[in-house]
Amino acid sequence: MIEVRPGGRRRIDRVLGPGYLSGLGELPLKVLRERRDEAAQEETDLSYLRRLLHARIDIVRAEQSRRSSGGGESSIVDQLATILADNALGPAAGSGRHQQLEPSRAGEHRRHAEALIGDTDLTDVGTLSDEKLASALDTYAREELSVSSFRREVQGVMDTFNAEIAKRYQQGSATVDELLESEGGHEVQ
């Protein structure tokens with residue numbers, strides 16, 4: 001289970017820490033953007049972990065469905081592309097956002113998802129008992145709820161920073177010229 005450790009050194013600990021949003025009005029614009037970008041990277045990583053969990057949930061559910069419908073000799077491996085594509089092509093649920101970033105901790109998240117069910121090998125779900133499948137599904141579903149909850153909190157942090165940045169542009173205390181100069185190191189003529 002993902003948890004936030006107050007005073008912890010991980011990015012999620014900082015982003016969801018009690019002082020991260022303190023004193024927004026006094027923070028320099030550069031710091032606001034840096035914190036917003038840090039939160040965006042954490043949201044990207046949580047989204048990646050969530051997608052990994054969804055894939056595992058879909059595989060387990062497909063095997064349960066195959067068994068309950070008397071799916072015969074066809075294996076989940078034969079249906080894997082369809083199972084995973086159905087989720088990718090279906091309607092989006094939740095608060096999805098366009099992400100321009102790549103996950104920074106893909107390997108760590110993959111290991112986390114694999115460690116959730118240490119003795120369950122999803123490479124051959126057809127050999128697992130119904131009880132192990134149900135247990136795997138329950139574990140993955142609970143973790144997905146936890147990850148989704150933290151993801152929504154991180155998105156709230158991003159929204160708060162974006163609102164403060166937008167407010168500064170509206171009030172004229174920040175300008176696009178300053179942004180372009182700071183981003184590209186170019187002086188605007």
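**Note on a six-helix predicted model**

1. Helix 2 and helix 5 are roughly antiparallel to each other, because angles over 145 degrees count as such (under 35 roughly parallel, 65 to 115 roughly perpendicular, the rest oblique). The two helices pack at an angle of about 155 degrees. Their axes are 8 Å apart. Axes are lines fitted to C-alpha atoms over the stretch in contact, and angles run from 0 to 180 degrees between N-to-C directions. Helix 2 passes helix 5 in a left-handed crossing (the near helix is turned anticlockwise from the far one by less than a right angle; clockwise would be right-handed).

2. This is a predicted model, in which local features need pLDDT of at least 70 and side-chain atom pairs count only at pLDDT 80 or more, while totals for chains, interfaces and linings use all residues. Residues are numbered from 1 along each chain as its sequence is written, and side-chain values use heavy atoms, with hydrogens and water left out.

3. How many helices and strands does the chain have? There are six helices and zero strands (DSSP runs numbered from the N terminus: H or I of at least four residues for helices, E of at least two for strands). Along the sequence the pattern reads α-α-α-α-α-α. The chain has 189 residues, and 34% of them are buried (under 20% relative accessible area; exposed is over 50%, partly exposed in between; 1.4 Å probe, protein chains only).

4. Now the aromatic rings. The count comes to one aromatic pair. Tyr20 and Phe161 form that pair, edge-to-face, with 5.6 Å from centre to centre and 90 degrees between the planes. Tyr20 sits in the loop between helix 1 (11-15) and helix 2 (29-68), whereas Phe161 belongs to helix 5 (residues 130-171). The pair thus links distant parts of the chain, 141 residues apart. Rings of Phe, Tyr and Trp (its six-membered ring) pair if their centres lie within 6.5 Å; planes under 30 degrees apart are stacked, over 60 edge-to-face, the rest tilted.

5. Are the two rings' residues buried or exposed? Tyr20 counts as buried, because its relative accessibility is 8%. Phe161 is buried too, at 0%. Tyr20 has a further neighbour: Arg35 lies over its face, at 5.2 Å from the ring centre. A charge sits over a ring if NZ of Lys or CZ of Arg is within 6 Å of the centre and within 35 degrees of the ring normal.

6. Salt bridges come to 15 (a side-chain nitrogen of Lys or Arg within 4 Å of a carboxyl oxygen of Asp or Glu). One of them joins Glu43 and Arg151, at 3.1 Å from N to O. Glu43 lies in helix 2 and Arg151 in helix 5, so this bridge ties together parts 108 residues apart in sequence. Glu43 is buried, with a relative accessible area of 2%. Arg151 is buried as well, at 6%.

7. Arg50 and Glu144 also meet in a salt bridge, 3.1 Å from N to O. Arg50 is in helix 2 and Glu144 in helix 5, 94 residues apart, and the pair links distant parts of the chain. Both Arg50 and Glu144 are buried. Elsewhere, salt bridges that share partners join Glu63, Arg66, Arg67 and Asp130 into one network.

8. Another bridge pairs the side chains of Arg36 and Asp37, at 3.0 Å from N to O. Asp37 is partly exposed, with a relative accessible area of 41%.

9. Last, helix 3 (residues 76-89), which includes Leu80. Leu80 is partly exposed, at 31% relative accessible area. Leu80 and Ala55 are 25 residues apart in sequence. In space, their C-alpha atoms are 9.9 Å apart.
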